[in-house]
Amino acid sequence: MEPYVIAEVGCNHKGDIEIARKMISIAKSFCNVDSVKFQKRSPLELLSMEAYNAPHPDPHHAYADTYGKHREALEFSIEQHKNLMELCETLGIGYSCSVWDITSAREIASLNPKSIKIPSAANLNNPVVDYICDHYAGEIHLSFGMTTEDEEHAIIDRLIKKKRNRDVVIYSCVSAYPVPFENLSLLDIKRLENEYGSQVKAIGFSGHHLGIAADIAALALGARYFERHFTLDRTWKGTDHAASLEPDGMRRLARDMRNVAKALTYKDGILDIEQPQRLKLKQVIS
């Protein structure tokens, strides 16, 4: 299977629909990725009033004077998401979205995109998982960041009971921004493949690290779906930009992943490409 590369726009559009549209266009025409992914949250549903009214923990990255208003400033309406999905369809690039709560799950499922993501933060929110399983027929992508192995088993068991496990891509993920290389835990990809590979559609890697070397290793270890945060400028205000790839980095990631995927084969005897050199150079001495 050729690697499937997703540029996660997330909230890196800064709440500006024109920036979001530009990011989709660049992701398709310059980066040549397979899909873009956004996020949908309902801050009043997700946050307690105390958390909603508290200041952002890092004021430098705040878009409003409280954390709740900051989150709302970065949200698009469902109509805007519909318009972004329509742009993706016009350009020939996939559209996906992470859903963080029941309201967002209902809204995004109503658009019927090719895939919906259940982020690490929501993978134990059973009402969200159940709603997506019961009311959405497409691919379900689900990350395992901040999740114990017992919790992983419970999630997979739930998906099996819902008869949706064959539609699911599970992602190896460490939820930090950025993740130091010594914490990437890439061998978890093999563990997930060994434990769940026969039960789900595929294994993925959701990386929040720097550079693109680790993604190549993840491919070699068996991951087939790859999700990286995408931004137009890593110096922009917002906590995700520092762990994101700018357009040239995303372009090189997609290019290198596809090239390396072609190389991950066994050598079948003497290759045709070797024959001229064999005739010219090979020494056979009895």
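Here, "buried" means a relative accessible area under 20%. Keep that cut-off in mind as you click around this predicted model.

**Stop 1: Glu 227**

Select Glu 227, which sits in strand E8. Is Glu 227 buried or exposed? Its relative accessibility is 3%, so this residue counts as buried. Now show what surrounds Glu 227. Leaving aside neighbours within four places in sequence, its contacts include Ile 6, Glu 8, Lys 37 and Lys 117. Tyr 171, Phe 205, Ser 206 and Gly 207 are also in contact with Glu 227.

**Stop 2: the largest pocket**

Strand E8, residues 225-229, also takes you to the next stop, since E8 supplies at least two residues of the lining of the largest pocket. Strand E2 and helix H4 (67-73) each do so too. Which element gives the largest share of that lining? That is H4, with three residues.

The pocket has a volume of about 570 Å³. To find its centre, select Gln 39, Arg 41, Trp 100, Tyr 177 and Asp 240, which lie nearest to that point among the 35 lining residues. Colour the lining by residue type and you should get 11 nonpolar, 15 polar and nine charged residues.

**Stop 3: Tyr 177**

Stay with one of those central residues. Tyr 177 is in the loop between strand E6 (168-173) and helix H9 (188-196). How exposed is Tyr 177? With a relative accessible area of 44%, Tyr 177 is partly exposed. Beyond its neighbours within four places in sequence, Tyr 177 is in contact with His 208, His 229, Asp 240 and Ala 243. Asp 240 should already be on your screen, as another of the residues nearest the pocket centre.

For a sense of scale, draw a line from the C-alpha of Tyr 177 to that of Phe 30. The two residues are 147 residues apart along the chain, and the line should read 25 Å.

**Stop 4: helix H5**

Next, select residues 78-91, helix H5. At 1.5 Å a residue, its 14 residues should span 20 Å, and the end C-alpha atoms are indeed 20 Å apart. Show the side chains of His 81, Leu 84, Met 85, Leu 87 and Cys 88, the buried residues of H5. They cover an arc of only 155° around the axis, which puts them on the same side of H5. Why does that spacing work? An α-helix has 3.6 residues a turn, so residues three or four places apart point the same way.

What covers the buried residues of H5? The cover includes helix H1 (17-31), strand E2 (35-40), strand E3 (94-99) and helix H6 (102-111). Rotate to the face turned away from the buried side and you'll meet the exposed residues Glu 89 and Thr 90. Just after H5, stop at Gly 92, where phi is positive at about 80°.

**Stop 5: helix H8**

Finish with residues 149-161, helix H8. The 13 residues of H8 should span 18 Å at 1.5 Å a residue, which agrees with the 18 Å between the end C-alpha atoms. Its buried residues are Glu 152, Ile 155, Ile 156 and Leu 159. They take up an arc of only 95° around the axis, which puts them on the same side of H8.

Turn on helix H7 (126-135), strand E5 (139-143), E6 and H9 to see what the buried residues of H8 pack against. Asp 150 and Lys 161 are exposed on the face turned away from the buried side. Your last click is Lys 163, just after H8, with a positive phi of about 60°.

Methods: Residues numbered from 1 in each chain as written. Predicted model: local features only at pLDDT ≥ 70, side-chain atom pairs only at ≥ 80, totals over all residues. Heavy atoms only, no water. Helix = DSSP H or I, 4+ residues; strand = E, 2+ residues; numbered from the N terminus. Expected span 1.5 Å × (residues − 1). Buried < 20%, exposed > 50% of the residue type's maximum accessible area, 1.4 Å probe, protein only. Arc of directions from axis to C-beta. Contact = heavy atoms within 4.5 Å. 1 Å grid on protein atoms, 1.4 Å probe; cavity = no way out; pocket = protein on both sides within 12 Å on 5 of 7 lines; lining within 4 Å. Points joined across faces, edges and corners; volume = space filled by probe spheres on them. Nonpolar A, V, L, I, M, F, W, Y, C, P; charged D, E, K, R; others polar.
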